[in-house]
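I opened this structure to look up how the bound molecules are held and how the strands are arranged. My entries follow in the order in which I looked things up.

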Amino acid sequence: MTVRIVLGAQWGDEGKGKIVDLLSDRTRWVARYQGGANAGHTLKFDDTEFVLHLIPSGIFHKDVHCIIGNGTVIDPEALLSEIDAIKKMGTELENRLFVSETAHVILPYHKILDQAQEASMGDQKIGTTGRGIGPAYVHKISRVGVRMMDLLDEDALRDKITANANEINIILNGLGSPEKIEAEPAIEQMLAAGKKLKPYLTDTVDLLNEAYIDGQPIMLEGAQGSLLDVDHGTYPYVTSSSPTSGGACIGTGLPPTSITNVMGITKAYCTRVGNGPFPTELLDETGEELRKIGHEFGATTGRPRRCGWIDLVALRYAVRINGINEIALTKLDVLDQFEEIRLCTDYTIDGRQTRHFPLNLKQLEVVKPVYATLPGWKQSTVTATVRSGLPKRTQEYLGFIEEYLQVPIRIISTGPKRSQTIVEDLK
Ligand code: GDP
Ligand code: IMO
Ligand code: MG
């Protein structure tokens, strides 16, 4: 039975929400495995557009069970407001949404610290979403974090929050921040949230393993993207979790031997929000055009996304570290009217041409992309329903990417709606 990881192969916002929603009619379970409400996954069906931040993108399929896995970090208030918004749309969540009791909690002070740290870094700042992600994972790794199960245990909660607040006040003071954390209001707020979230809290590792043993199909939904991975991304300009495929096992408790498919999603071009190196970034009119036609503004923060041509060197690296064996290519339609289309095939470093993706930031910042240029197709791809129905030049462009990456493109997305998608030979 299929256990498919669906993850971003670039710097996030590749269209994971759309693809996971689309594939949800083939699965029984969708689990988010890392990240938190820094994610913004957009779904579009009928005339509704919905942006999910924490809840898995299978939630609008009534026969699908959704899990927020142990590897995520959860802002209880953000989760409760998402639950409310989904219920208001008439979608039932009882016995369909399960939240890991061992996932870590983002407390109000994590958000304050995230923002204070960013403010203190000046032009070295990461450009985080300000959602408290980094500080919550710091507490997890340093073994002083609050877990979702603690929201139901007043004594444990009080001890942990009091200790955390004392430590954070020292850090805030050192950063020159005027903020001061009071433990008691945070404790009250978390106890109240815990009461409301109790029906959803459970041992999701056991639940998902039972489903796996029972032979049910499962999908594991990544947030962010491979190049934002804390180990494999463009460190320190990364998020604080592991969006790559290894993170899917850690973040759900499913074993590596269970994974059958790793789908990497890439846009037909490339974007990045926040700071950090981006070799194919276009700071000219073409970049502006990609942003305008692709509506490239962040789904979580509304920030304009940086835009550039597709970077095959970076994608080849993503294919390797994730074991990507199928590709979903999104936003093809955005390229429909371009005269010519470029694809970065190599980098030049110190006059030397290479396909190696350097992890040394100083090198990555100065690499010069080498491009292949293909003629544009100058026709709409939006209504195509089969790959062979796409313009010949579009098919050549897709073939070029497959040949370079040695991975088949199984999904081609030509618009934000479910119906604007070509799916071929997907097992
Ligand atoms: P995610 O974070 O990976 O789920 O992606 P986002 O939702 O942040 O950003 C992707 C954006 O592109 C959303 O606004 C989607 O509605 C939109 N989108 C997804 N696929 C396509 C496509 O094939 N064509 C176009 N034009 N828009 C798309
Ligand atoms: P989805 O799931 C794009 C970026 C931020 C920043 C860096 C660290 O919608 O693809 P953080 O708040 O995580 O500490 O910020 O990571 N970032 C994303 N960029 N899409 C996302 O999520 C992102 N989540 C975080 O802009 O550069
Ligand atoms: Mg997004």
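These entries take the two ligands in turn and then the sheet.

Entry on the model. I note at the outset that I am reading a predicted model.

Entry on ligand 1, surroundings. I looked up which residues surround ligand 1 and found 17 of them, with Lys16, Gly17, Thr42, Asp333 and Ser413 coming nearest. When I sorted this shell by residue type, I counted 2 nonpolar, 8 polar and 7 charged residues. I then asked which elements supply the shell: α1 (16-23) and β3 (41-45) each give at least two residues, and the largest share, 3 residues, comes from α1. The space that ligand 1 takes up is the second largest pocket.

Entry on ligand 1, polar contacts. I went through the contacts one at a time, beginning with serine 413, where a polar side-chain atom lies 2.5 Å from an oxygen atom of ligand 1. In the side chain of aspartate 333, an N or O atom is 2.8 Å from a nitrogen atom of the ligand, whereas glutamate 14 makes its approach through a backbone N or O atom, 3.1 Å from a ligand oxygen atom. Taken alone, ligand 1 exposes 580 Å², and I noted that the protein buries 91% of that.

Entry on ligand 2. Here I found 20 surrounding residues, of which Lys16, His41, Thr129, Gln224 and Thr239 come nearest. I sorted this shell as well, and it divides into 7 nonpolar, 10 polar and 3 charged residues. Among the polar contacts, I recorded a polar side-chain atom of threonine 129 at 2.6 Å from an oxygen atom of ligand 2, a polar backbone atom of glutamine 224 at 2.8 Å from a ligand oxygen atom, and a side-chain N or O atom of asparagine 38 at 2.9 Å from an oxygen atom of the ligand. Ligand 2 taken alone exposes 550 Å², of which the protein buries 97%.

Entry on the sheet. I traced an open sheet of 10 strands with mixed pairing, in the order β9-β7-β5-β2-β10-β1-β11-β15-β19-β20. Because β9 (201-202) and β20 (421-423) stand at the edges with a single partner strand each, one side of each is left without a neighbour in the sheet. Turning to one pair within the sheet, I found that β1 (residues 3-8) and β11 (residues 261-267) run parallel and are joined by 5 bridges. I also looked up the partner of glycine 8, which is isoleucine 265 in β11.

Terms used
Residues are numbered from 1 along each chain as its sequence is written. Chains are lettered from A and ligands numbered from 1 in the order in which they are written. This is a predicted model: local features need pLDDT of at least 70, side-chain atom pairs count only at pLDDT 80 or more; totals for chains, interfaces and linings use all residues. Side-chain values use heavy atoms; hydrogens and water are left out. A residue is near a molecule or strand if one of its heavy atoms lies within 4 Å of it. A polar contact is a pair of N or O atoms within 3.5 Å; within protein, one must be able to donate a hydrogen and the other to accept it, and residues adjacent in sequence count only if both atoms are side-chain atoms. Accessible areas come from the Shrake-Rupley method with a 1.4 Å probe; for residues, only the protein chains shown count as cover. On a 1 Å grid over the protein atoms alone, a cavity is a set of points where a 1.4 Å probe fits but cannot get out, and a pocket is an open set with protein on both sides within 12 Å along at least five of seven lines; lining residues have an atom within 4 Å of a point. A molecule sits in a cavity or pocket if more than half of its atoms lie within 2 Å of its grid points. Helices (H or I, at least four residues) and strands (E, at least two) are DSSP runs, numbered from the N terminus. Ala, Val, Leu, Ile, Met, Phe, Trp, Tyr, Cys and Pro count as nonpolar, Asp, Glu, Lys and Arg as charged, and the others, Gly among them, as polar. Two strands pair if DSSP finds at least two bridges between them.
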